[in-house]
Amino acid sequence: MVSLSLVAIDMTILATAVPSVVKDLGGFEQFPWLFSIYVLATAVTTPLYAKVADRLGRKPVMIAGIVAFLVGSLLCGLAWSLTALIVFRAIQGIGAGAIQPMAMTIVSDIYTLEERAVATSYVASVWATAAIVGPTLGGLFADYLDWRLIFLINLPIGAVALWLLRHFHEDRRPAATTAIDWSGAGLLTVGGIALLLGLLEGGHAWAWASWPSYLIFAVGIAALVAFGFVERRAADPVLPPWVLGHRVLAPANAASLIVGVVMLGLTTYVPLYAQSVLGHSAVVAGFALAGMSIGWPIAAATAGRIYLSKGFRAAVGLGALLVIAGGLVLVTVRETSSFWHLAIPCFVLGLGFGWSVNPGVVAAGSAVGWEVRGVATGSNMFARSVGSALGVALFGAVANGLVRREYAPGEVPPLEALPADVLAPALHVVFLVGLVVSLPLLIVAWRTPVRINR
């Protein structure tokens, strides 16, 4: 729980301070990279961490992840430019790629399916606390102190987590039998980076219909196709093909992918709407986003009652309906809307996210044995990370493209100077795109098994 709090706070604390960061370091059109580089680094490292954890144990992987996260946090606190901050956020993401999947894998290791319904409520309390503490601290640091404290606050928390893991967690360490699939990991990294770069910079650094755009997408697609062939032949693939077709893991991972797209896209732009369009402070904007972050752990803490009594399909179905309902209300927000008009649909979306995703995480850990549980849980986290990267890139491309249409090339003003009548229509389209992306959750719910049989 202490280890997971590092990632949980980081997910909520930065968004409310983005205007202060951009004002200090510059680079409005680069700011989505603060999120996208983090989730990309998380995405491409999670499968490798998961595979290593199944061979060497969870504890060394978790410790390595925390150390990397703390190094990245320290460097972020010392960043001298937005480019440097983006690079150091990547180091944070490399660490986060181990922390979250290992936390959930450990929960699956030490609790039965029935016990997990209670255990996940404790884990959810971490997110609930972070939902309040993160945005509040982010706003307070940005408005009254120094935004660099957002990153430096991780150091004492991480030190406590390392001490607890070292002294109290007993781990199982099976013997490794085959070499790690480095070829697959490399191809996955190249493909993911290329596709994200194409989505984020297309229409900005180069036109969509241009040779740089065609080239980078071709590289990304070719790398991922090669990754698929390598995984089929690898003795111990970093992302086994059977994961994609598993009756339990496939719908669970699809739900995580969709929620990842919607969640991090909205996490990036809801505070921006609250501050730059509705005119609220960073602290108030943080509370709007906290509605989403509070709803998720509440759903996670109560989902066990639903999937133990009614089945996993009912829990995911309820989550899908709430996500769509929250999205429908969010697209009605206008420049004259109240704070609560923005915060309440965020809370409903958070409930939907929790009921859509958390039953799948529990199901993934229950559907397989210990020897592949890291891969199963890691694949779910990987799907959410990929979705988050795509969400930031997709929504960033939409928002930046619509804003640039109002200005001549090279004349887009900085974040704090954008007028509300320019920013509001662009962010309204972002919210509408989020609603459309969430609709396939209904299909995912229908494909989710009612009960889990290993």
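**Group meeting: cavities and pockets in a predicted model**

The largest cavity has a volume of about 370 Å³. Keep in mind that this is a predicted model. A search of the whole structure turns up 7 cavities of 30 Å³ or more.

So what lines the largest cavity? There are 25 lining residues. M11, Q100, W127, M263 and R384 lie nearest its centre. Seven names to note here: α1, α3, α5, α6, α12, α13 and α16 each give two or more residues to that lining. Helix α13, residues 282-309, provides the largest share, with 5 residues. By class, the lining of the largest cavity has 16 nonpolar, 8 polar and 1 charged residues.

Now the pockets. The largest pocket holds about 660 Å³ of space. Its lining counts 26 residues, and the closest to the centre are L188, L239, L244, F382 and V386. Which helix gives the most to this lining? That is α16, with 6 residues. Helix α16 spans 370-404. At least two lining residues also come from each of α3 (33-56), α9 (182-201), α10 (211-233), α11 (242-245) and α12 (249-277). As for chemistry, the lining of the largest pocket has 20 nonpolar, 4 polar and 2 charged residues.

Look at α3, α12 and α16 again. They each supply at least two residues to the lining of the largest pocket, and they are also among the elements giving two or more to the lining of the largest cavity.

On to the second largest pocket. About 460 Å³ of space lies there. It is lined by 19 residues, with M1, V2, I106, I110 and L165 closest to the centre. Four helices each put in at least two lining residues: α1 (2-13), α5 (82-110), α6 (113-144) and α8 (154-168). How many residues does α5 give? It gives 5, the most for this lining. The class count is 17 nonpolar, 2 polar and no charged residues.

Again, some helices come back. α1, α5 and α6 each contribute at least two residues to the lining of the second largest pocket, and these three are on the list for the largest cavity too.

Next, cysteines. The structure holds 0 disulfides. Are C76 and C346 buried or exposed? C76 has a relative accessible area of 0%, so it counts as buried. C346 is buried as well, because its relative accessibility is 0%.

One residue towards the end of my list: T448. Where is it? T448 sits in the segment after α18, the helix at 441-447. T448 has a relative accessibility of 9%, which is under the 20% cut-off, so it is buried. What does T448 touch? Leaving aside neighbours within four places in sequence, T448 is in contact with P251, F312, R313 and V316. P251 falls within α12, residues 249-277. F312, R313 and V316 fall within α14, residues 312-330.

Last, confidence. The protein chain averages a pLDDT of 81, and 91% of the residues score at least 70. Which helix has the highest confidence? It is α14, at a mean of 92. Confidence is lowest in helix α2, residues 18-25, at a mean of 73. Where pLDDT is low, do not read the predicted coordinates in detail.

To recap: the largest pocket holds about 660 Å³, the second largest pocket about 460 Å³, and the largest cavity about 370 Å³. Happy to go back to any of these on the screen.

Technical notes
Residues numbered from 1 in each chain as written. Predicted model: local features only at pLDDT ≥ 70, side-chain atom pairs only at ≥ 80, totals over all residues. Heavy atoms only, no water. 1 Å grid on protein atoms, 1.4 Å probe; cavity = no way out; pocket = protein on both sides within 12 Å on 5 of 7 lines; lining within 4 Å. Points joined across faces, edges and corners; volume = space filled by probe spheres on them. Nonpolar A, V, L, I, M, F, W, Y, C, P; charged D, E, K, R; others polar. Disulfide = S-S within 2.5 Å. Buried < 20%, exposed > 50% of the residue type's maximum accessible area, 1.4 Å probe, protein only. pLDDT = per-residue confidence, 0-100. Contact = heavy atoms within 4.5 Å.
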